[in-house]
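Got your viewer open? Here's a short tour, one selection at a time.

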Amino acid sequence: GLNVAIPNKSKSIKDYQNVYNDIAEKIREEDEFDNYIGYGPILVRIAWHSSGTFDKNNMTGGSFGGTMRFKKEINDPSNAGLKQADEFLAPIYKKHSWISHGDLYTLAGVTAVQEAQGPKIPWRPGRVDQPENTTPENGRLPDATGDSSYVRNYFGRFGFNDTEIVALIGAHCLGKTHLENSGFEGPWGAASNVFSNEFFVNLLNENWKLQKNAAGNEQYDSPKGYMMLPADFALRQDNKFLKLVKAYANDQDLFFNDFAKAYVKLLESGIHFPADQKPFIFKTLDEQE
Ligand code: HEM
Ligand SMILES: CC(=O)Cn1cnc2ccccc21
């Protein structure tokens, strides 16, 4: 059905900046998580996975209904590890339970990118919690072993073009893969909690070798201990994707601008906002000192 955003008229940018600040302060406070990577990366992932169930062919899924809060969705094998993000957000929801879960998950993903020194992400509230029986079925999130045509086709389900696809996957500059979650293993060393174009620089410049990991899955490893998923490496194996990878490796500002636009489109997939609803642009903690 049609997901029409219903902004809460009693809440202003100040109220949402308060939620942003609580999330940002908790990220700073709980800095030891995942070997001092912190919670930022999995907050970006839960925002993306909440939105990544969208299917433009039948207008189902997406972040609107906040169904990630239900067992069926959070237990999707593709969401392994994200219960920790949901638990991180539970006290934030308890304190600000006027907010919808869809707004909370996506706002957390915005906060995490901005607090990681990434671009400003304009954000609009108005998602409305939907009942458990509207939870989409498992299996709508992408397969890490896919090749370039798989990746282009997968994101075609959202109506994303090549620029949006490559920019979005640049979020793999944050965090790491965990064998117990996805069957892929990334190195502590190379994992980062600073948003940058490093993913593209490494993808282009490292000497990658395809090898089986401890779970028997093939991944690309580099002498420096970096890794890439087959679906990451696919961005080098298609001429149009490769052109974009090179552009972003050579111009971080271009990457930041394209990422911000694509991330907004992802987090708002399937939602109709009032034409006059202006997005909020939040200040970082550093900008409020
Ligand atoms: C072809 C599309 C994609 C595939 C196949 C994919 C796959 C994966 C896999 C397998 C992991 C490791 C999970 C774990 O083991 O803990 C991961 C982590 C991550 N993904 Fe993606 N992803 C894709 C697109 C995206 C997009 C569009 C975003 C955000 C805009 C994103 C953000 C992240 C982040 C931040 C992490 C790190 C999480 C952590 O450190 O725990 N990914 N992804
Ligand atoms: C540090 C590292 O492995 C960079 N990287 C490369 N591919 C990734 C996929 C998800 C998260 C991080 C990823």
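Start by selecting M59, which is partly exposed because its relative accessible area is 31%, and buried would mean under 20% while exposed would mean over 50%. Keep in mind as you click around that this is a predicted model. M59 sits in the loop that links α3 (40-51) to α4 (71-74).

Now add L2 and V4 to your selection. Together with M59, they make up a nonpolar patch on the surface, with about 270 Å² of accessible area between them.

Next stop: the metal. Show ligand 1 and look for its iron atom. Which protein atom serves as its donor? That's NE2 of H172, 2.1 Å away, and the protein supplies just this single donor. To place H172 in the chain, look at the loop between α8 (162-169) and α9 (179-182).

Then move along to the strands. Select residues 209-212 for β2 and 218-221 for β3: these two pair in the antiparallel sense, with four bridges. Pick out K209 and you'll find it opposite D221 in β3. The two strands form a hairpin, with five residues between them. In that turn, click G216, which has a positive phi of about 85°.

Stay with β3 and add β4, residues 227-228. How many bridges join them? Two, and these strands run antiparallel. For a pair to highlight, try Y220, which stands opposite M228 in β4. β3 and β4 form a hairpin too, with five residues in between. Finish on G225 in the turn, where phi is positive at about 90°.

How values were computed:
Residues are numbered from 1 along each chain as its sequence is written. Chains are lettered from A and ligands numbered from 1 in the order in which they are written. This is a predicted model: local features need pLDDT of at least 70, side-chain atom pairs count only at pLDDT 80 or more; totals for chains, interfaces and linings use all residues. Side-chain values use heavy atoms; hydrogens and water are left out. Two strands pair if DSSP finds at least two bridges between them. Donors are N, O and S atoms within 2.8 Å of the metal (3.2 Å for Na, K and Ca); water is not among the atoms, so sites may look incomplete. Patches are made of residues with over 30% relative accessible area and no salt bridge: like charges are joined within 9 Å, nonpolar side chains (Val, Leu, Ile, Met, Phe, Trp, Tyr) within 5 Å. Accessible areas come from the Shrake-Rupley method with a 1.4 Å probe; for residues, only the protein chains shown count as cover. A salt bridge is a side-chain nitrogen of Lys or Arg within 4 Å of a carboxyl oxygen of Asp or Glu. Buried means under 20% relative accessible area, exposed over 50%, partly exposed in between (1.4 Å probe, protein chains only).
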